[in-house]
Amino acid sequence: MKIGVLVSEGPYTHQASDSAYNFVKAALEKGHEIYRVFFYHDGVNNATRFTEPPRDDRNIVNRWSELGKQYNLDMVVCIAAAQRRGIMDENEAKRQGKSGDNIAEGFRISGLGQLVEAGIQCDRLVTFGD
Amino acid sequence: MLHIVNKSPFERNTLESCLRLATKGSAVLLTEDAVYAATTGSAAEGKIKAAMADLKIYALSPDLQARGMAGRVMDGVNLVDYGGFVDLVTEHSNCQSWL
């Protein structure tokens with residue numbers, strides 16, 4: 001089955017990002033297709049490669065990147081939410097005149113249309129948030 | 001329809017809203033802090049028991065275990081792991097997260 005996932009909570013906030021990750025992993029292991037994971041509102045903070053949690057803690061950002069790489073996931077960050085929170089890719093950093101970018105591997109910045117499209121294309125859309 | 005609730009009934013009123021509006025035959029999955037609603041002896045016990053007449057109640061087992069509540073689950077609550085969560089999503093025609 002084709003499943004879309006919306007994450008609207010940041011990492012290390014409550015549990016939504018962890019729940020979403022575990023759900024996506026379980027769905028993939030069951031052979032379902034994860035059409036897209038869309039990061040919205042504070043969820044965009046899951047996409048900064050500058051996080052450095054203590055060594056005995058899970059690295060939520062790297063975990064998404066690794067899962068994304070393993071399953072070739074489409075992990076999309078909302079551009080407006082990202083700009084508000086300082087999440088930039090190379091293009092955005094250049095366009096906004098910032099000194100560098102911070103987007104983590106496997107994520108891409110795009111518009112809210114990508115969430116709408118996922119809602120249309122997917123059999124199910126599951127929301128994880130706060 | 002699958003309803004997903006992720007906050008404790010002592011923190012938010014999302015469980016209450018969900019139980020009020022869910023139609024007969026729907027399923028409710030309690031995850032994260034909402035699993036407290038699935039335990040015995042809490043103030044939410046009566047609400048869940050009453051809801052069981054019309055709704056199927058599920059709770060996410062790893063979240064119960066993480067909170068030390070696995071031994072206090074009410075009778076009639078069905079436990080699922082993340083794989084079971086995925087199955088619930090695919091078995092129901094749509095799902096709603098109460099945020």
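Let's start with strand β5 of chain A, residues 124-128, which is mostly covered: five of its five residues are buried. Do keep in mind that this is a predicted model. If you look along β5(A), Arg124(A), Val126(A) and Phe128(A) point one way, while Leu125(A) and Thr127(A) point the other way. Both sets are buried.

Who pairs with this strand? That is β1 of chain A, residues 2-7, which runs parallel to β5(A) and is joined to it by five bridges. To find the register on your screen, take Gly4(A), which stands opposite Leu125(A). Then go to Val5(A), whose bridge partner in β5(A) is Val126(A).

Now let's zoom out to the sheet. Chain A has an open sheet of five strands, in the order β4-β3-β2-β1-β5, and the pairing is parallel. At the edges we find β4 and β5 of chain A, each with a single partner strand, so one side of each has no neighbour in the sheet. From one strand to the next, the twist averages 25°. As a general reminder, the strands of a sheet pair through backbone hydrogen bonds, in either a parallel or an antiparallel way.

Let's visit the other edge. Strand β4 of chain A covers residues 107-110, and its two faces are unlike β5(A) in this respect: Phe107(A) and Ile109(A) make up a covered face, whereas Arg108(A) and Ser110(A) make up an uncovered one. Its neighbour is β3 of chain A, residues 75-78, and four bridges join the two strands in parallel. Among these pairs, Met75(A) has Phe107(A) as its bridge partner in β4(A).

A few words on chain A as a whole. There are five helices and five strands, and along the sequence they follow the pattern β-α-β-α-β-α-α-β-α-β. The C-alpha trace spans about 40 × 35 × 25 Å along its principal axes. For 130 residues, a compact globule would have a radius of gyration near 14 Å, and chain A agrees, with 14 Å. Of those 130 residues, 45% count as buried. If we take the contacts in chain A with a separation of 6 or more, 75% of them are between residues 24 or more positions apart.

Here is one residue I'd like you to click on: Ser19(A), which lies in helix α1 of chain A, residues 16-29. Is Ser19(A) buried or exposed? Ser19(A) is buried, because 24 other C-beta atoms lie within 10 Å, and the cut-off for buried is 20 or more. Which residues does Ser19(A) contact, leaving aside its neighbours within four places in sequence? They are Phe128(A), Thr31(B) and Glu32(B). So this helix residue brings us back to Phe128(A), one of the buried residues of β5(A), and also takes us over to chain B. Ser19(A) and Phe128(A) are 109 residues apart in sequence, yet their C-alpha atoms are 7.3 Å apart in space.

That leads us to the contact between the chains. Chain B puts in 12 residues and chain A 16 residues. On the side of chain B that touches chain A, α4 (82-91) and β5 of chain B each supply at least two residues. The largest share, six residues, comes from α4(B). By type, this side of chain B divides into six nonpolar residues, five polar and one charged.

Let's finish inside chain B. Five strands form an open sheet there, in the order β4-β3-β2-β1-β5, with parallel pairing. The edge strands are β4 (78-80) and β5 (95-98) of chain B, and each pairs on one side only. The twist averages 25° from one strand to the next.

For the pairing at one edge, look at β3 of chain B, residues 56-60, which runs parallel to β4(B) and is joined to it by three bridges. Within that pair, Tyr58(B) has Asn78(B) as its bridge partner in β4(B).

And which strands does helix α1 of chain B, residues 14-21, lie across? They are β1 (2-5), β2 (27-30) and β5 of chain B, and the helix runs at about 165° to β1(B). Thanks, everyone, and I'm happy to take questions.

Note on methods: Residues numbered from 1 in each chain as written. Chains lettered and ligands numbered in written order. Predicted model: local features only at pLDDT ≥ 70, side-chain atom pairs only at ≥ 80, totals over all residues. Pairing = 2+ DSSP bridges. Axes fitted to C-alpha atoms, helices over the stretch in contact; angles between N-to-C directions. Contact = placed C-beta atoms within 7 Å. Nonpolar A, V, L, I, M, F, W, Y, C, P; charged D, E, K, R; others polar. Buried ≥ 20, exposed ≤ 12 C-beta atoms within 10 Å, placed from the backbone. Rg over C-alpha atoms; globule rule 2.2 N^0.38 Å.
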